[in-house]
Amino acid sequence: SITPFEMALWHQSLSERNLPISHMSADIFTKIWDNDIFSPDDFLASIDLNLLNMPVPYKMPKRCKMYTPEYHEKHQRINIFKAKRVAGVYPCTRGGGDSGGELTGKLEVEIELLTAEEADAKENGRGRKAPNQFPKLDPPKRPATSFFWLTSPWKTFRYIIWKNYKWYFFLALVISGFISFIGLILYNVPHFSVGAMFGSRSRSG
């Protein structure tokens, strides 16, 4: 690695010197928080990656799980400055680091090391802003139940209320129909009785 530095006060320009990569700090600290509106955001998971000594990521999210010593023994560690590119899924835990704690999230990443000329040739936007390329980020695949209940009343009724309490609705509907039927019978019994009474008297007279 080449690092610029100032030689002395009377020098007006910067000089350069070679700095071994082993003396550099190349860590990525990632934390995952939820996005609450009315309450403070809750911490979900984190992972710390040393770019000089990265664990091998999993290839697919469904296979991603907590790292074990056997996994590290089977797979050689990655130095991004030598590999130039790494892509995969990393497990995120509450304890931090690449092992220990509880698995509470998964992070899909793609890291590519480029020179200044290569970076200029591969123009990219921040996040999903244009130009969305190298790599192209698709919209997140969130479950249908991932929404804010206050701004989506229909989804709230469908995925939360109806899904959990639909049999109570059916039971309430049956009971309501039965009560309505009994009420109609009780309401019409006096009319039938009076009609039958006066009808019999008129026939006898």
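Hi everyone. Let me start with contacts: among those in the chain with a separation of 6 or more, 40% are between residues 24 or more positions apart. Please keep in mind throughout that this is a predicted model.

Now, the layout. The chain has four helices and six strands. If you walk along the sequence, you meet them in the pattern β-β-β-β-α-α-β-β-α-α. There are 205 residues in the chain, and 19% of them count as buried. As for the surface, the chain exposes about 16400 Å², and carbon and sulfur atoms supply 59% of that area.

Let's go to helix H4, which covers residues 153–204. Which residues make the nonpolar surface patch of about 1100 Å²? They are Trp154, Phe157, Ile160, Ile161, Trp162, Tyr165, Trp167, Tyr168, Phe169 and Phe170. Phe170 is a good one to click on, and you will find this residue in helix H4. Phe170 is partly exposed, with a relative accessible area of 39%. Trp162, another member of the patch, is partly exposed as well, at 32% relative accessibility.

That brings me to the aromatic rings. How many aromatic pairs does a search of the whole structure find? The search gives eight. I'd like to show you two of them. Trp162 and Phe170 have their ring centres 5.7 Å apart and their planes at 70 degrees, so this pair is edge-to-face. The threshold for that label is over 60 degrees. There is a bit more to see around these two: ring pairs link Trp162, Trp167, Phe169 and Phe170 into a cluster. Those four residues also appear in the list for the nonpolar patch.

The second pair is Tyr67 with Tyr71. Here the ring centres are 5.1 Å apart and the planes sit at 45 degrees, so the pair is tilted. Are these two tyrosines buried or exposed? Both Tyr67 and Tyr71 are buried. For Tyr71, the relative accessible area is 14%, and the cut-off for buried is under 20%.

Let's stay with Tyr71 for a moment, since we have its surroundings too. Tyr71 lies in helix H1, residues 69–74. If we set aside its neighbours within four places in sequence, which residues is Tyr71 in contact with? The answer is Val56, Pro57 and Tyr58. Take Val56 as an example: Tyr71 and Val56 are 15 residues apart along the chain, and their C-alpha atoms are separated by 8.9 Å.

Next, the cysteines. Under a cut-off of 2.5 Å between sulfur atoms, the count of disulfides is zero. Cys64 is in no disulfide, and its nearest cysteine sulfur, that of Cys92, is 7.6 Å away. Why is Cys92 not bonded to Cys64? At 7.6 Å, the sulfur of Cys64 is the closest cysteine sulfur to that of Cys92, and this is too far for a bond. Both cysteines are worth a look in terms of accessibility. Cys64 is buried at 4% relative accessibility, and Cys92 is buried with a relative accessible area of 0%.

Last topic: charges. Side chains of opposite charge can pair when their charged atoms come close. In this structure there are two salt bridges. One of them joins Glu110 and Arg85, with the closest N and O atoms 2.8 Å apart. Glu110 lies in strand S6, residues 103–112, and Arg85 in strand S5, residues 85–93, so the pair ties together parts that are 25 residues apart in sequence. Glu110 counts as partly exposed at 34% relative accessibility, and Arg85 is partly exposed too, at 44%.

The other salt bridge is between Lys122 and Glu112, at 3.1 Å from N to O. Where do the two partners sit? Lys122 is in the loop between helix H3 (116–121) and H4, while Glu112 is in strand S6, so the pair links distant parts of the chain, ten residues apart. Lys122 is partly exposed at 30% relative accessibility, and Glu112 is partly exposed at 35%.

That's my tour. Thanks for listening, and I'm happy to go back to any of these spots on the screen.

Terms used: Residues numbered from 1 in each chain as written. Predicted model: local features only at pLDDT ≥ 70, side-chain atom pairs only at ≥ 80, totals over all residues. Heavy atoms only, no water. Buried < 20%, exposed > 50% of the residue type's maximum accessible area, 1.4 Å probe, protein only. Helix = DSSP H or I, 4+ residues; strand = E, 2+ residues; numbered from the N terminus. Contact = heavy atoms within 4.5 Å. Areas by Shrake-Rupley, 256 points an atom, 1.4 Å probe, with all protein chains shown as cover. Patch = residues over 30% accessible without salt bridge, like charges linked within 9 Å, V, L, I, M, F, W, Y side chains within 5 Å. Salt bridge = Lys/Arg side-chain N within 4 Å of Asp/Glu carboxyl O. Phe/Tyr/Trp six-rings, centres within 6.5 Å; stacked < 30°, edge-to-face > 60°.
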